Each structure stands twice: as structure tokens, then as C-alpha cells.
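Visitor: I am new to this structure and would love a close look at one part of it. Could you take me to the place where the ligand sits and walk me through what surrounds it?

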Amino acid sequence: MPAAVLGGVLCAGNLVHDVVVRPVESLAWNTTAWVDSIEQHMGGNGASTSYALGILGVPVRLLATVGRDSPADLWLTRLAGVGVDVGAVVRSPAPTPATVALVNSRGDRFFLHRAGASREAFTDPIEFSPELARGLSHFHLANPFALPHMRRHARQVLRRARAAGLSTSLDTGWDHSGRWLEDLGPCLPETDLLFPNAEEACRLAGLEDVAAAATRLRELGAASVIVKLGAAGCELFTEEGRLPVPAFHVEAQDTTGAGDCFVGGFLAALHRGRDWLDAARFANAVAALSVERLGATTGLRPFDETEAWMAQARPAPYSSASRNRPK
Ligand SMILES: Nc1ncnc2c1ncn2[C@@H]1O[C@H](COP(=O)(O)OP(=O)(O)OP(=O)(O)O)[C@@H](O)[C@H]1O
Ligand SMILES: [Mg+2]
């Protein structure tokens, strides 16, 4: 049986104001290009996973640092609307992190990111006071690589979470500094569920083969490794062995944040007492609903509605597990 996530989830990560512009085919300085749409969406690993947990009915408290600005007001109101406790979110004088994504007609994306308040976030390791952890039984660390301070003391944070009686999970994200295992290696023995995508698993382990990489990450201390494989679904590496679980068939519109929604779905299924296979299928479904719509969390729906959707959905045609591209 997987580590039961019986109570709610304390989720630490970033919240990002995303502006998506499409289509943009080329950039010519000192000219104006007319585009079809300029949309704003809620992004960031911590915000997306928390939103998924909230709409799926799991008690969740978000730990993040945002600005004292209107994008933060907008997205915190949206999170609270699905039941996410945003009372511990810190307001910084720095602006809310923001990303402008330029998307061309083929779906290729170019990101401009301003870290803003993320640079101020988690300057000290989280202290899991009884008030902070009240009613919660699991700690999820959503992409320490996006949080410059957090990456330095992620191991200590995970240790403290366990000392406070919480089980732990970690979504790796892409390491733009290229340090990978140097920073994340010490975290692995403190991690119950590790959620890398295929490319991240390979970079971390320093191996070419996804299965060999996942096995290595377990040897280095992660109790279970769940590898996200994009349109191919996911593969579980647990004490029970290796289990590939295919994705659902959807017309993909926007894969941004699919991994964060996947994690929310996985933890929500465990919260309901589901086993590994059911949790992986459910996570694939939540992520499929995410990729079907523009914006990381726009397509998500409550737990029972997600199950009803699964009952009529088709599995994706088989595609061999390929390594994801950096983003
Ligand atoms: N084209 C697709 N069709 C169906 N499901 C998909 C598709 N792309 C992604 N998914 C689902 O989303 C999950 C997570 O996607 P992916 O493997 O890209 O994670 P990730 O790289 O961590 O994503 P993120 O962009 O959020 O970091 C997959 O495991 C799968 O369930
Ligand atoms: Mg990811």
C-alpha cells in the first residue's frame, strides 16, 4: 500500500501570474504585431498543485510568497474559491512572480520569467509549528528548483516535516542551474513520493534510461518514484515493482502545469484510500483534463466529476515513453 495521505496537505511552492500571447511567429523590434489572444492564467507549481487538491476536495494549505499586487489578489481569491487555505501565504514588497509565454501556431513556446517574490520566498527553513500543520498529514514540496532559497535547505525542510509527523512528496521541476543531484540528492532519503518527469529523472540520476534512472533514485533514498511521461502517461517504481499506466486520450491544447495537476490528482486519490494503480490512473485523468484547456488548472473539476469523465474517456494510443524536453 502507498503511504496513506489521510489528512490534508501542506503544499510549499510558487504562485506565478502567467500571461499567454498567441500566435507569435517572430519578433521584430520597433514594430507592432497584432495577435489573436492575450490571456492571463494562474501558474506556478505550488499554486497549481494546491488548486488541484482543493477542487478535488482535499484540505490543503498553501505556503508561498507573492507580491502586494492585484495579480496576487486575483489568484489567491481563485484558490480560496476551491477551499485552499491561503492564510499562511506571505506578501512581499517584491512583485508576484510573472511569466509571459509567447506561443507560435505550432504550439512552441518562449517564456520570459520574472522571479520577483520567489527570490524572497522561504529565506529560512519552514518551521512546522502545530498551528501550521493542524489537520494536515502530508507535506508536498512543489519544485524547489524554482525557489532560490528553498533549494539550499530543502533537505532540512523535508526532515522537519517528517519530524512533525507528516509524510512527504517532492515534484522536481527543471533545474536551470544544472546542479541537479548536488542539491536534490540529500532530499531523497527524506522523500516518500518523488514526482520527476522522465527527463528530470534522467538528469538527476545521470543515466540515459528512464527505468534505470528511477531505480537509481530509489536506491539513493526516495521510497517511491512516480515518473511523468507526458502523452505516454506515467510509470510507478515502488516496493511492489514497476507499473506503467497509460494516459487518457485528449486533444492537447496546453500542457503547461500538467505535471502539477498530476501530483494533485495522485495525492487526492491516496487521500481517498486508493491503491497505487488507481492513484496513477486518476492522476493521469486530472492531468488530461488540465492539458485539454488553456491554463494549467482551467479544465479541472471535482473528484466525482473527474471519475465520471474517466468512465467514458479513452486510453491514449500507445506511445513509447520518451524523455520530456526541458522547460
Ligand atoms: N498530450 C497528453 N495527453 C494526455 N495526457 C497528457 C498529455 N501530456 C501530459 N499528459 C498528462 O500529464 C502528466 C504530466 O505531464 P508531463 O509528463 O509533461 O509532466 P511535467 O513535465 O512535470 O509537466 P509540467 O509542465 O507541469 O512541469 C502526464 O503524466 C500525463 O498524465
Ligand atoms: Mg513538472
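**Around the ligand**

Guide: Let us start with one contact: in this predicted model, an N or O atom in the side chain of N197 lies 2.8 Å from an oxygen atom of ligand 1. Once ligand 1 is in place, the protein covers 90% of the 630 Å² of accessible area that the ligand has on its own.

Two further contacts are worth finding on your screen. In K228, a polar atom of the side chain is 3.0 Å from an oxygen atom of ligand 1. In G259, by contrast, the polar atom belongs to the backbone, and the distance to an oxygen atom of the ligand is 2.8 Å.

Now step back to the whole shell. Ligand 1 is surrounded by 21 residues, and the closest are N197, G230, G233, G259 and N284. Sorted by kind, the shell holds 10 nonpolar, 8 polar and 3 charged residues.

Which helices should you look for here? Helix 8, spanning 258-271, and helix 9, spanning 276-291, each contribute at least two residues to the shell. Helix 8 gives the largest share, with 4 residues.

Let us stay with that helix for a moment and pick out V263, which has its place in helix 8. V263 counts as buried because its relative accessibility is 0%, and buried means under 20%. Beyond its neighbours within four places in sequence, V263 is in contact with T49, H140, D171, F195 and K228. The last of these may sound familiar: K228 is the residue whose side chain has a polar atom 3.0 Å from an oxygen atom of ligand 1. You can also trace the chain between V263 and A252: they are 11 residues apart along the chain, and 18 Å separates their C-alpha atoms.

One more residue to visit is C261. With a relative accessibility of 0%, C261 counts as buried. Is its sulfur bonded or unbonded to that of another cysteine? The closest cysteine sulfur is in C11, and at 11 Å it is too far away for a bond, since a disulfide needs the two sulfur atoms within 2.5 Å. C11 itself also has 0% relative accessibility, so C11 counts as buried. In keeping with this pair, the structure holds 0 disulfides.

To retrace the tour, begin at N197 and its 2.8 Å contact with ligand 1, go on to helix 8 with its 4 shell residues, and finish at V263 in that helix.

Note on methods:
Residues are numbered from 1 along each chain as its sequence is written. Chains are lettered from A and ligands numbered from 1 in the order in which they are written. This is a predicted model: local features need pLDDT of at least 70, side-chain atom pairs count only at pLDDT 80 or more; totals for chains, interfaces and linings use all residues. Side-chain values use heavy atoms; hydrogens and water are left out. Buried means under 20% relative accessible area, exposed over 50%, partly exposed in between (1.4 Å probe, protein chains only). A residue is near a molecule or strand if one of its heavy atoms lies within 4 Å of it. A polar contact is a pair of N or O atoms within 3.5 Å; within protein, one must be able to donate a hydrogen and the other to accept it, and residues adjacent in sequence count only if both atoms are side-chain atoms. Accessible areas come from the Shrake-Rupley method with a 1.4 Å probe; for residues, only the protein chains shown count as cover. Ala, Val, Leu, Ile, Met, Phe, Trp, Tyr, Cys and Pro count as nonpolar, Asp, Glu, Lys and Arg as charged, and the others, Gly among them, as polar. Contact means heavy atoms within 4.5 Å.
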